[in-house]
Amino acid sequence: MLPRPPARRHARLVPLAALALLAACSGESADRKSGSRGPGGPAQVGYVVVQPTSVPLTAELPGRVTAYQMSEVRPQVAGIVQRRFFQEGTIVRQGQTLYQIDPSLYQAQVSQSAANLESARANAAAAQVKADRYRPLAQMQAVSQQDYTDAVAAARQANASVAQTNAALRTARINLRFTRVPAPITGRIGRSLITEGSLVTANQADPLAVIQRLDPIYVDIQQSSADLLALRRTLAQGGVVPASAAVRLKLEDGSDFEQAGTVRFAEVMVDQNTGTVTLRASFANPQGILLPGMFVRAVLAQSVDTRAYLVPQQALIRDPKGGATVWVVGPGDKALRRPVTADRTQGANWVVTKGLNPGDKVIVQGTGTLKPNADLKPVPASSAQRIEPPKQGQGSQGGQAKGG
């Protein structure tokens, strides 16, 4: 009979524990129904204040590298090539001798022309003396006037012959000089297309070699006429001004070319085959990275939008149809959803051209659970980064503690 009292005390403790647990659960359920956010109150969000700024409107266009200067080395006289004076692939200077053509025939022509000139000068001297002697005789009527006239004419013909033979001598000397083929420009010379012992002519189709100047160098950029027309219309509407002519290049391997270029001019006609307009830019090419014929991508700013807004990319939301919206802090710290126009990015930001006003507070943190007209606790984005959001389940733990 003695062990019965302890069992009665245990039976009375079980209903008390069940009541305490029921009270805790009812308190947690009440907290969930009331929508309590725990100790944080309204949703804390981080925002940035946006202001209109000048944003360049860039375009990435295809381009092809072209030599700044190019010259085909061609012979101006015929003959056998005796010697080549340059090394293929090196830099040659303007006026430097590249080839030597056999000069024997042209030296003989110079000698012959010089002899003809001396003969013509002798004949001219004799004719002039005869004309001078006939002058007083004609005045005294010792000779006929016709004989004097013929003597004067013969002297003039002899002087003309001197001038002709003198010109022939100069031509022969020029041809002799052309037997040494010089470099027309300064630049890098390619492979020699002829060898020593080859016969060359003045009118041959193939050049002897090709010289190209690669520093500076040109890049011909192709832009569609439709894009150029749209750009001009945008400039005419206001708020957009022309940009500087600076150009950046992306090489075929995806890397960026170090030097920035400058647009020199644009063609005044559209290519009928491609429907594009050619823009020519020049670049410094001290290391010879750009080579003629290379394809590149040119990035250039053609205009500057002075009324655009830069919004961090995490603040912009797109719907299934591609429409863009952002959350802003409205009057009374309410959440407002604002449709915007954002067609492109710049770095880590979207470029917004419509939908925002100067001074708007665009929410960039805490947008995942926002609803229209929800109460907010806005703080600058830098401050919001230092405050961690409440972990899931903190509110239920607090309710259990209170219920206990």
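Buried means a relative accessible area under 20%, exposed means over 50%, and partly exposed is what sits in between (1.4 Å probe, protein chains only). A quick heads-up: this is a predicted model, where local features need pLDDT of at least 70, side-chain atom pairs count only at pLDDT 80 or more, and totals for chains, interfaces and linings use all residues. Residues are numbered from 1 along each chain as its sequence is written, and side-chain values use heavy atoms, with hydrogens and water left out.

**Exercise 1. Work out which parts of the chain the Arg338 salt bridge ties together, and how aspartate 360 is classed.**

Step 1: get the rule straight. A salt bridge here is a side-chain nitrogen of Lys or Arg within 4 Å of a carboxyl oxygen of Asp or Glu.

Step 2: check the pair. Arginine 338 and aspartate 360 form a salt bridge, with their closest N and O atoms 3.1 Å apart.

Step 3: place both ends. Strands are DSSP runs of E with at least two residues, numbered from the N terminus. Arginine 338 is in strand β17 (residues 334–346), while aspartate 360 is in the loop between β18 (349–354) and β19 (361–365), so the bridge ties together parts 22 residues apart in sequence.

Step 4: look at accessibility. Aspartate 360 has 13% relative accessibility, so put it down as buried.

**Exercise 2. Trace the salt bridge between arginine 297 and glutamate 60, and find the network it belongs to.**

Step 1: start with the distance. The two side chains meet at 3.4 Å, N to O.

Step 2: find the strands. Arginine 297 belongs to β14 (residues 295–312) and glutamate 60 to β2 (residues 53–73); the two residues are 237 residues apart, and the pair links distant parts of the chain.

Step 3: class both ends. Arginine 297 comes out at 34% and glutamate 60 at 38%, so arginine 297 is partly exposed and so is glutamate 60.

Step 4: widen the view. Glu60, Lys250 and Arg297 are linked in a network of salt bridges. The count of salt bridges comes to seven.

**Exercise 3. Describe the surroundings of asparagine 373.**

Step 1: locate the residue. Asparagine 373 sits in the loop between β19 and β20 (376–380).

Step 2: class the residue. With 52% relative accessibility, asparagine 373 is exposed.

Step 3: list its contacts (heavy atoms within 4.5 Å). Leaving out residues up to four places away in sequence, asparagine 373 touches Lys334, Ala335 and Leu336.

Step 4: add one distance. From C-alpha to C-alpha, asparagine 373 and glycine 332 are 9.4 Å apart in space, and 41 residues apart in sequence.

Definitions and conventions. Helix = DSSP H or I, 4+ residues; strand = E, 2+ residues; numbered from the N terminus.
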